[in-house]
Amino acid sequence: GTPPHAAFVPGASTKSLGNRLAKAPQARREQTIMQLSARRSRSMRPLPYPVRFAVLGGGSFGLALASVLGKKSIPVTILVRKEEVAEHINLHHRHPTYLSDIALAPSIRATVHPEEALRDASFIIHAVPVQYSRKFLEDIAPHVPKNTPIISTSKGIETGTLCMMQDILLETLGPNRETAYLSGPSFAREIALGLVTAVVAASESEALANEICDIMGCNYFRVFTSTDVVGVEVGGAVKNVIAIAAGMCEGLGLGTNAMAALVTRGCNEMQRLALSLGARPSTLTGLSGVGDTFGTCFGPLSRNRNLGVRLGKGERLENILGSSTEVAEGHATAFSLVQLIEKTNRAYRRELEFPIIYGVKEILEGKRTPAEGLRDLMAMPVRVEMWNL
Ligand SMILES: NC(=O)C1=CN([C@@H]2O[C@H](COP(=O)(O)OP(=O)(O)OC[C@H]3O[C@@H](n4cnc5c(N)ncnc54)[C@H](O)[C@@H]3O)[C@@H](O)[C@H]2O)C=CC1
Ligand SMILES: O=C(CO)COP(=O)(O)O
């Protein structure tokens, strides 16, 4: 039969929330959402057994997932880099910079000491950008308990090695550990506000995926499960690159038709690459595939999309990258993806098979302007729509 968690059941108050918020100004809308979500979370029952989470990375996504757990009264220790950030979180129950207007539950603590965060953790959430993950994990490896499962949230492909998180975790922390990969359309701010979000937890261990669904899931954070780790990881990496292209389309003012065409063709490239690497087709039509692609390409909160918008409007790449402390993973991943395609795909003209991924990479390395790149994409020769799927 259908597992109990398979139905998408938004929080009961979502309908009235929509009515109440439709006409309110942005600040009041968010304040109302916070009040409603605080009321809703009080009704969430604590787990019948003790668990403790360590969250690696004090960026907005680590904080957002900590907030989900905190609302369920689950103890969480966030490992951050700066002492003053840890002190601020412990004293004021909010991060000084990221999502600083959103209060964190008292069960959430922060530390700069890996041994303190990791000792006795029942689960570890990894929320450090892919490009920094290897070094970060190597540094803390001696403190990571041998059997504690790790739930990775990072979406991208490592420069040089072309590894995704599954390989990075294996190479830095060793074998015989259960790991899972959480992905899907899930902007940190919306999660922290208690807005309904659906994600997928993929793991080779079905038991771990089910456990994550039970422990992390609640009335507004819906966790589906999967065993297709490759599909979930490739989808998460490719969607960031498509979002940069979508942002450029927006920034150049090319219109909704062009945007929809671009994103659809982007999903086609994602699907072809993922299938060639062993993913299941259904994963690419799911939350971590087209779901996250839609969220990131069309959502105003996306850093990758915003990078593209600013490029499309004519800003210099260095200015854009230098203006934020948060990482747009699609930038480095565009280069890795092209190398991965070169390595794994035998086609004669790969750039014609993956024109959006190649096009974004060439724009990012300055070989073409966004206007030239997008014009070339739109002028691609047409043929059978799904010719090799
Ligand atoms: N922010 C979001 O809405 C979502 C983010 N993700 C993914 O989760 C991962 C983390 O995302 P964010 O928290 O937004 O990232 P972020 O860019 O804010 O970085 C997260 C944290 O990683 C650590 N970090 C950053 N650079 C580092 C470095 N050079 N060395 C060591 N540690 C470093 C810091 O603690 C930083 O606060 C990314 O891969 C992102 O794609 C996934 C879904 C949503
Ligand atoms: O992965 C995300 C939403 O699911 C976040 O996207 P950005 O990294 O583009 O902000």
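**View 1. Where domain 1 and domain 2 meet.** In this predicted model, 22 residues of domain 1 make contact with 25 residues of domain 2. To find your way along the protein chain, look for domain 1 at residues 14-227 and domain 2 at residues 235-378, as the domain assignment gives them. The centres of domain 1 and domain 2, taken over C-alpha atoms, are 26 Å apart.

**View 2. The side of domain 1 that touches domain 2.** Let's look at one face of this meeting place, starting from its 22 residues of domain 1. Three elements, α6 (130-140), β7 (197-202) and β8 (221-226), each provide at least two residues of this side. The biggest contribution is from β7, which gives three residues. Sorted by class, the side of domain 1 that touches domain 2 holds eleven nonpolar, eight polar and three charged residues.

**View 3. The surroundings of ligand 1.** Now find ligand 1, which is surrounded by 24 residues. Try picking out the closest ones: Gly-57, Gly-59, Phe-61, Ser-154 and Ala-188. Among the elements, α3 (60-71) and α6 are those that give two or more residues to this shell. You have met α6 before, as it also supplies at least two residues of the side of domain 1 that touches domain 2.

**View 4. What the shell around ligand 1 is made of.** Which domains does the shell draw on? Both domain 1 (14-227) and domain 2 (235-378) take part, with at least three residues from each. By class, the shell around ligand 1 contains eleven nonpolar residues, nine polar residues and four charged residues.

Technical notes. Residues are numbered from 1 along each chain as its sequence is written. Chains are lettered from A and ligands numbered from 1 in the order in which they are written. This is a predicted model: local features need pLDDT of at least 70, side-chain atom pairs count only at pLDDT 80 or more; totals for chains, interfaces and linings use all residues. Domain bounds come from an automatic or database domain assignment. Two residues are in contact if their C-beta atoms, placed from the backbone, lie within 7 Å. Helices (H or I, at least four residues) and strands (E, at least two) are DSSP runs, numbered from the N terminus. Ala, Val, Leu, Ile, Met, Phe, Trp, Tyr, Cys and Pro count as nonpolar, Asp, Glu, Lys and Arg as charged, and the others, Gly among them, as polar. A residue is near a molecule or strand if its C-beta atom, placed from the backbone, lies within 6 Å of it.
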